[in-house]
Amino acid sequence: MNKNFYITTPIYYPSANFHIGHCYSTIIADSIARYKRLDGFDTFFLTGSDEHGQKIEKKASETGVTPKEYVDKIVANAKDLWKQLDISYDRFIRTTDEDHVKCVQKVFKKLYDQGDIYKGEYKGLYCTPCESFWTETQLVEGKCPDCGREVQLVKEEAYFLKLSNYQDRLEKYIEEHPDFIQPESRKNEMINNFIKPGLEDLCVSRTSFKWGIPVTFDTNHVVYVWIDALSNYLTALGYLSDDETLMKKYWPADVHIVGKEIVRFHTIIWPIMLMALDLPLPKKVFGHGWLIIDGGKISKSLGNYRDPREYIEKYGKDAVRYYVLREIPFGSDGNFSEEALIGRINSDLANVWGNLVNRTVGMANKYFDGTISNSKVNEDIDKPLVDDISSLKSRTDKLLDELQISKILENIFDLLRACNKYIDDTTPWVLAKDETKKGRLETVLYNLLEAIRVSNILLMPFMPTSTKKVIETINSENNSFKEAKFIDNLKYTVSKTPSPLFERIQSE
Ligand code: MSP
């Protein structure tokens, strides 16, 4: 079996207003990357920033700095945020990186040389004061939707990518590879709404602004941002460079994690570029849903924007990670509110997980001075719990392959909930009163510690900080993925002074 794994997030537009929804693509990719690493895969996890384009050029000039100075500052901010969220990327790529610029230029030239890119004429409706092109349908009463002035039909020399040549091949590929676009609903949307109606050749160069990667053989033109941005997945592996070792090792990508609104670029333009370059296509493009507020977007202009760092400082990084992963179910949107975040912390992290660890370790200390072995005085009630512990890894593996992250967390927390019920059903405090039940009491506590240990191993990719704390609390040395099953002969010496895993939050 191929034990290499390549996963990417979208590269972000440098924006000073990164919100909690933005963090999702990166948190989910980080969790999957961590899972694969722990599962023995040689993993490469790529993230970065998408820094070219007219918008950036404009913003920089408004602030009186160069575009590069402008993006440098924001990139530092993004890196800080990823650090605070424990994002374990292997490379943070910037589209202004020298190797990326070279890679894009080589890709563009190659496609031009072989006839997939040709020079033509871009016709559009142009608003001169706004320096913007518009389509007929974007106009408001025939005028510029931004400033309301007249627009002119203008023609601009431009390069085009022959998407139309690849239409049949792409359609066939998508149909023959049902896993390529996930979830299924997005696949149907792509085929029916975008591909079947017919692909038009794509304008892939601009002359109206300068902040982009110059076309080497026609330097008036800069490369269209999406051609530039998508190529980052290849640059990072050294494609067309002197050293293609990573390319050989990791391409094709196992999964591109992308938000639903950019699935279109990743499943039409991107595969066509790759077909033209004669490269295999990524195994999967996963278009996830959004985190929304009251059914709408999170944005500064709507007044519902908060810096994610505020939540991280207030509630901890793992709580934020858990919340977004748990709240966005496979393929759909999830709702965000601070109240719901507090609700999740209280109901799942504090009441279920924290409480279970706390009760179990407390009883191990109280009744056995912290040292527990498996006395194997079993009763029927143990079997379903032991079975659930042993099957947890394979159930989680399957859900991870399907990218059902929210479901994974639901499943693990179901097991933790079942443990709290197991305590209520086995009543250890009653067993403790009877000296002849000491063996049974120890077995009950052993089973609970096993449930805590195994669920903790599988939670490590999702909540790297809190799971470390659990390991210290139960003092477990068996924390590898291979040991994520019920083992019947361990010896536990739990901490005498465990600190609480998650505190309950009082809602204001
Ligand atoms: N630069 C492009 C990607 C190029 S990839 C070759 C881009 N950048 S972005 O900054 O606008 O978006 C980055 C990611 O954040 C996207 O996957 C987008 O879907 C995601 N999100 C932005 N707002 C979001 C939510 N409210 N909820 C979840 N994800 C969201 O697109």
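Student: Which helices and which strand each supply at least two residues of the shell around the ligand?

Tutor: This is a predicted model, so to speak with care: local features need pLDDT of at least 70, side-chain atom pairs count only at pLDDT 80 or more, and totals for chains, interfaces and linings use all residues. Residues are numbered from 1 along each chain as its sequence is written, and side-chain values use heavy atoms, leaving out hydrogens and water. Helices (H or I, at least four residues) and strands (E, at least two) are DSSP runs, counted from the N terminus. The elements you're after are helix 1 (22–38), helix 7 (225–230), helix 8 (232–235) and strand 11 (255–259).

Student: And which element gives the largest share of that shell?

Tutor: A residue counts as near the ligand if one of its heavy atoms lies within 4 Å of it. By that rule 23 residues surround the ligand, with Ile11, Asp50, Gly259, Glu261 and Leu291 the closest. The largest share is three residues, and they come from helix 7.

Student: How many residues of the shell are charged?

Tutor: Asp, Glu, Lys and Arg go in the charged bin; Ala, Val, Leu, Ile, Met, Phe, Trp, Tyr, Cys and Pro are nonpolar, and the others, Gly among them, are polar. The shell has 12 nonpolar and nine polar residues, and the charged ones number two.

Student: Which residue has a side-chain N or O atom 2.7 Å from a nitrogen atom of the ligand?

Tutor: Think polar contacts, meaning pairs of N or O atoms within 3.5 Å. Two come from the backbone: an N or O atom of Tyr13 sits 3.2 Å from a ligand oxygen, and one of Gly21 sits 3.1 Å from a ligand nitrogen. The side-chain atom at 2.7 Å belongs to Asp50.

Student: How much of the ligand's accessible area does the protein cover?

Tutor: Accessible areas come from the Shrake-Rupley method with a 1.4 Å probe. On its own the ligand has 670 Å² of it, and the share covered by the protein is 95%.

Student: Are helix 5 and helix 6 roughly parallel or antiparallel?

Tutor: Axes are lines fitted to C-alpha atoms over the stretch in contact, and angles run from 0 to 180 degrees between N-to-C directions. Helix 5 (residues 167–176) and helix 6 (residues 184–195) have axes 11 Å apart and pack at about 160°. Angles under 35 degrees count as roughly parallel and over 145 as roughly antiparallel. So helix 5 and helix 6 are roughly antiparallel.

Student: Where is Pro183, which has a cis peptide bond before it?

Tutor: Most peptide bonds are trans. The bond from Gln182 to Pro183 is cis, with omega near -10°. Pro183 is found in the loop between strand 7 (181–182) and helix 6.

Student: Which residue is joined to Pro252 by a cis peptide bond?

Tutor: Pro252 is in the loop between helix 9 (245–250) and strand 11. Omega is about 5° for this cis bond, and the partner of Pro252 is Trp251.

Student: What is phi of Asp86?

Tutor: Most residues other than glycine have a negative phi. Asp86, in the loop between helix 3 (67–84) and strand 3 (91–94), has a positive one. Its phi is near 60°.

Note on methods
A polar contact is a pair of N or O atoms within 3.5 Å; within protein, one must be able to donate a hydrogen and the other to accept it, and residues adjacent in sequence count only if both atoms are side-chain atoms. Angles under 35 degrees count as roughly parallel, over 145 as roughly antiparallel, 65 to 115 as roughly perpendicular and the rest as oblique.
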